[in-house]
Amino acid sequence: MTPPRCLPAGDGAVLAELGSLDETLALFQALGAWPAGVEDVIPAARTLLVLFQPSVLTARDAAAWLRRAAAGLGAMAGGGRTPETAAVRRVEIPVRYAGEDLEEVAALIGLTRAELIERHTGSDYLGAFAGFAPGFVYLAGGDSCFHGVPRRPAPRVRVPGGSVAVAGDFSAIYPSDSPGGWQLLGETPWRMWDMDRAEPALVQPGFQVRFRDLEAPGAVYSLPAAGEASKPPSPAAASDASAPAPLAACEVRDAGLQTLLQDEGRPGLTRLGVSRSGALDRGSMRRANRLVGNPDGLPVLEHALGGLRLVCRGRAVVAVTGAAAPVAVTSASGMRLPAAAGHPFVLNEGDELRIGRVRAGVRCYVAVRGGWAAQPVLGSCATDVLAGMGPAPLKRGDRLPIGRSVPRDEHGECSESAEAELPRAGDQAVFDVIPGPRDDWFAADALDRLLSQDWTVTPQSNRVGMRLAGVEPLVRARQGELPSEGTVSGALQVPPSGQPVLFLADHPLTGGYPVIAVVAVGQLDRLAQVPVGARLRFRRAPSPL
């Protein structure tokens, strides 16, 4: 076992680099119980990414834990013992080999079409690690003739769900329609991700996979049970029909540009390819919940840029935090009622809550006592826009049930200070970044370029990431593809254009572009409030390793 090379991925994660995929998976399986503070461990092609809470665990302690596990694994191998392994689950995937790139790949590796199919179906594959979307799993192994097959020079805008593909040293199956640059060999009728199954992911890391040719003589395969195409549940119909009717609800008269249900997300599900997601500005979410007397993590509304209008049916206690925007409440008779952001207020039958145009920041958070009652998806009511998971975005006419809470007259208390001054378009906002984990992939002056110029937030930004534009792009010193590795919120990933993408909560689980630096964990909430047109300036922070 090669001792892992531990690299900082911000101040809340450590990236451990191993010598091979086999070493990576062996170390992942040997980790045992996680220390207090570790939130998740994400295996990839040659790395393990350990996510932890900086307030509980240090980066040095996380790195020491990994090194101890690697040393123990090496000693076990030296003593002739092997770690116990669980029973392997096996899945056979029928494929219709008629992909757009089949003939081209066959010519590239010097095989006929029939020989390619025979090789692709002639070996077992191991589910190695989850990829960029729920249900996407990198499959290692297979015939060596497919190892090193390059990605397409330019990715397709749309790859159909069910496409069976190869790239690098891996095979994979796209779980849904998405962009992609892998070489397409065929398509399976089986659904790789189906929320109507007890286990939504048909293939998971650790599973053994075998491909079968659907057109082979005598080939007959029964499909696994699957429901109809999964659709995001509507918040308007999210409550359980068997549950008591809610005491109150709110009707959406105008959802504005975007209003989503959010909570603290889905930690610990990376084995399924599911990122955490959740509220972008967690501090504002928690503050809103505390103002109305809720636990910190109850579902709230995350509303962008203003324009939200809600009408109360029943009685509710509400609070609005986050971006600077006017808050107004009008009774059914048209009377203006007292209400202000950062303070709890009461809505009675027919009262309308309006959030005006945001003056500074981006996102407002609306909490209600008892929380917004929505149907959880994998344990959370968060809407993940990249994965298409969770409640659908709000629209006019939706009805939002309000959860039940212990009746009381007093409002919740919030000892936290009011929101800090928030940036506007054209303002400069400064953030601390920790260099790495892949700053050595860039030219010697790239880090200086990152820190010495402003980066403008472009209109192509969303909850997945902020696309930045600078006068001087960041130049790479190393070319070629970086083996896919885990990513974190706040990572500055740099594509070939040299213009960084700054990942936010709905970022992909793994990525293949190098990350030059990561924003400090404690500044992610403020980052979520930076609007399009604002300028970011980065300031170097000391490495935690």
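**Exercise 1. A salt-bridge network**

Task: Find which residues are linked to Arg5 in a network of salt bridges in this predicted model.

Solution: Start from Arg5 and look for its charged partners. The network also takes in Glu17, Arg438, Asp440 and Glu485. Now zoom out to the whole model: the salt bridges come to 33.

**Exercise 2. Salt bridges, pair by pair**

Task: For the pairs Glu472 with Arg449 and Asp454 with Arg537, work out which parts of the chain they bring together.

Solution:
- Step one, the first pair. Glu472 and Arg449 meet through their side chains in a salt bridge, 3.4 Å from N to O. Glu472 sits in the loop between β27 (465-469) and β28 (485-486), while Arg449 belongs to helix α6, so this salt bridge ties together parts 23 residues apart in sequence.
- Step two, exposure. Glu472 is partly exposed at 40% relative accessible area, and Arg449 is partly exposed too, at 21%.
- Step three, the second pair. Between Asp454 and Arg537 the closest N and O atoms are 2.9 Å apart. Asp454 lies in the loop between α6 and β26 (455-457) and Arg537 in strand β33 (residues 535-540), so the pair links distant parts of the chain, 83 residues apart. Arg537 comes out as partly exposed, with a relative accessible area of 25%.

Task: Arg191 forms a salt bridge with Asp194. Is Asp194 buried or exposed?

Solution: Check the distance, then each partner. The closest N and O atoms are 3.3 Å apart. Asp194 has 0% relative accessibility, so it counts as buried. Arg191, at 30%, counts as partly exposed.

**Exercise 3. Reading a sheet**

Task: Work out the strand order of the five-stranded open sheet and say which strands stand at its edges.

Solution:
- Step one, the order. The strands run β15-β16-β23-β18-β21, with antiparallel pairing.
- Step two, the edges. β15 (258-262) and β21 (345-347) each have a single partner strand, so one side of each is left without a neighbour in the sheet.
- Step three, the twist. From one strand to the next, the twist averages 30°.
- Step four, one strand pair. β15 and β16 run antiparallel and are joined by five bridges. Across this pair, Thr259 stands opposite His303 in β16.
- Step five, the helix. Helix α5 (residues 282-291) packs on the sheet and touches β16, β18 (316-324) and β23. The direction of α5 makes about 155° with that of β18.

**Exercise 4. Unusual backbone**

Task: Track down where Leu305, Leu378 and Pro437 sit, and say what is odd about their backbone.

Solution: First, the yardstick: most residues other than glycine have a negative phi, and most peptide bonds are trans.
- Leu305 has a positive phi of about 75°. Look for it in the loop between β16 (300-304) and β17 (309-313). Leu305 is partly exposed, at 39% relative accessible area.
- Leu378 has a positive phi near 50°. Its place is the loop between β23 (360-368) and β24 (399-401), and at 27% relative accessibility Leu378 counts as partly exposed.
- Pro437 is joined to Gly436 by a cis peptide bond, with omega about 10°. Pro437 is found in the loop between β25 (428-435) and α6 (446-452).

**Exercise 5. A residue and its contacts**

Task: Is Thr510 buried or exposed, and which residues does Thr510 touch?

Solution: Begin with location: Thr510 is in strand β31 (residues 510-511). Its relative accessible area is 5%, under the 20% cut-off, so Thr510 is buried. Leaving out residues up to four places away in sequence, its contacts include Ile42, Phe132, Tyr138 and Glu485.

Definitions and conventions:
Residues numbered from 1 in each chain as written. Predicted model: local features only at pLDDT ≥ 70, side-chain atom pairs only at ≥ 80, totals over all residues. Heavy atoms only, no water. Helix = DSSP H or I, 4+ residues; strand = E, 2+ residues; numbered from the N terminus. Buried < 20%, exposed > 50% of the residue type's maximum accessible area, 1.4 Å probe, protein only. Pairing = 2+ DSSP bridges. Axes fitted to C-alpha atoms, helices over the stretch in contact; angles between N-to-C directions. Contact = heavy atoms within 4.5 Å. Salt bridge = Lys/Arg side-chain N within 4 Å of Asp/Glu carboxyl O.
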